[in-house]
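Reader: Please take me through one part of this protein in detail. I would like to see how its domains meet, and then how one pair of helices packs.

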Amino acid sequence: MSSKTKIQEYDLEYIWHPFTQMKEYAEESPLVIEDSEGIYLIDSEGNRYIDGVSSLWVNIHGHNSENINKAIKKQIDKIAHSTLLGVTNPSASILAKKLIDISPDGLRKVFYSGDGASAVEVGLKMAFQYWILKGKPEKKKFVCLKDGYHGDTLGAVSVGGIDLFHSTFEPLLFESFKVSSYDNTESFLNELNLTLSENSNEIAALILEPYVQAAGGMKVASDGYLKKVRGMCDEYNILLILDEVATGFGRTGKMFACEHDSVTPDILVLGKGLTGGYLPLSATITTQDIFDTFLGDYEELKAFFHGHSYSGNPLSCAAAIANLEIFENDKTLIKLKDKIEIFENELKEFKGLKNVGDVRNKGLMAGIDLVKDKNKKIDFDIRDRIGKKVCDHVLNEGVLLRPLGNTIVLMPPISINESEIKKLARSTYKAIKEVTENNE
Ligand SMILES: Cc1ncc(COP(=O)(O)O)c(C=O)c1O
């Protein structure tokens, strides 16, 4: 093994990486990313990689974007941070107006946090307190989905449904109703209807990832399903929380995935791409009705007692404003249509590979399942580390990916161009072919 640089040594000595088996990690030389250009990440030796998963689903317009850089520099020369507890700042205020302008009709108020998981916690607590304030404290449970993922804090894990990540923490969690995943949209809808109809008196809200269960394996629901979900929530008087942390900001072809069905949730959760993938910032956006329910004289103690040190951080908000301005100025969403078509054409090719099972996508979010035997429906064993092997291999082709178990994820920055889409897809195809053929 090649000798390690100081950066690699410090990393191995001092950093505990997220979602990483550190024993396995310590056996390899860490890849050090220290520069970038557009959709490319550049390592410490000058090698360039297509950022095939948008730096864990956050990057939107590419790295080192001139306009976002400029906005952050302009802000930092004034002030980096001041609190949002009882005070405001121009960037947080302007961003809130912009977010309401682009959010589905009916959403009126923005609550800022730092990460996706925190914004989910806000949504859950808001829904919970809303029903207390409405005089229905018995409505205190949540409905969530198997294979759902909303982050790693305990509230978010309580409404999560990925056993691998969540089962260890079971004793720490609150109880939720769990319905099936998007594996079969029809069964999901039937089960949901049954759960809501039988338990509506004790349910505060339903939380789900609209159209794509991302961390759950890029599971995609059938067209039109979300309208039916909205209808059920209305019928049974249950709040709908849509977690668009992964699907927001153009990933599925629309600004927000709920726009595919023209659905307005009661609570919309945004994160990741909100700042274009630059800085931590998330938002929980809600209706006038929910906001008004918390109003009263101070001593009534109706206020929403929740907040974070960096809520509405001016630097993050300045980055987010610049992100939204690029959408407007570059007509990003209009350009996406052709890109998605090219992407889908490329994805079709994967189905011909011997060890590829299902291939799913919504817009520029895709999952490619690797299977040991397609006909006999035999999966690769966890010990095969097949997803990781493919991702290690494709690095040599100049593409950086991160799998979800045996599912290869492609989710490039939406600024990716036609030839880059082809390069990303074809390099991945080649890597899957070579690795799976050698693994038999
Ligand atoms: C749908 C969804 N919600 C919430 C989160 C959590 O976001 P964060 O990692 O910023 O806490 C994620 C992260 O992948 C996500 O995909």
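**Where the domains meet**

Author: In this predicted model, 26 residues of domain 1 are in contact with 24 residues of domain 2. Domain 1 is built from two stretches, 31–64 and 331–438. Domain 2 covers 67–330. Taken over C-alpha atoms, the domain centres lie 27 Å apart.

Look next at the side of domain 1 that touches domain 2. Five elements give two or more residues each to that side. Two are helices: H3 (54–57) and H13 (332–350). The others are strands: E13 (356–362), E14 (365–373) and E17 (407–410). H13 gives the most, with four residues. By class, this side of domain 1 has 13 nonpolar, ten polar and three charged residues.

Now the helix pair. Two packed helices are described by the angle between their axes and the distance between the axes. Here the helices are H5 (residues 90–102) and H12 (residues 314–330). Their axes come within 8 Å. They cross at roughly 35°. The crossing of H5 past H12 is left-handed.

Which residues in H5 meet H12? From H5 come Ser91, Ala92, Ile94, Leu95, Lys98 and Ile102. H12 meets them with Pro314, Cys317, Ala318, Ala320, Ile321 and Leu324. By class, this contact has ten nonpolar residues, one polar and one charged. The polar residue is Ser91. The charged residue is Lys98. Both belong to H5.

Terms used:
Residues numbered from 1 in each chain as written. Predicted model: local features only at pLDDT ≥ 70, side-chain atom pairs only at ≥ 80, totals over all residues. Domains from an automatic or database assignment. Contact = placed C-beta atoms within 7 Å. Axes fitted to C-alpha atoms, helices over the stretch in contact; angles between N-to-C directions. Left-handed = near helix turned anticlockwise from the far one by under 90°.
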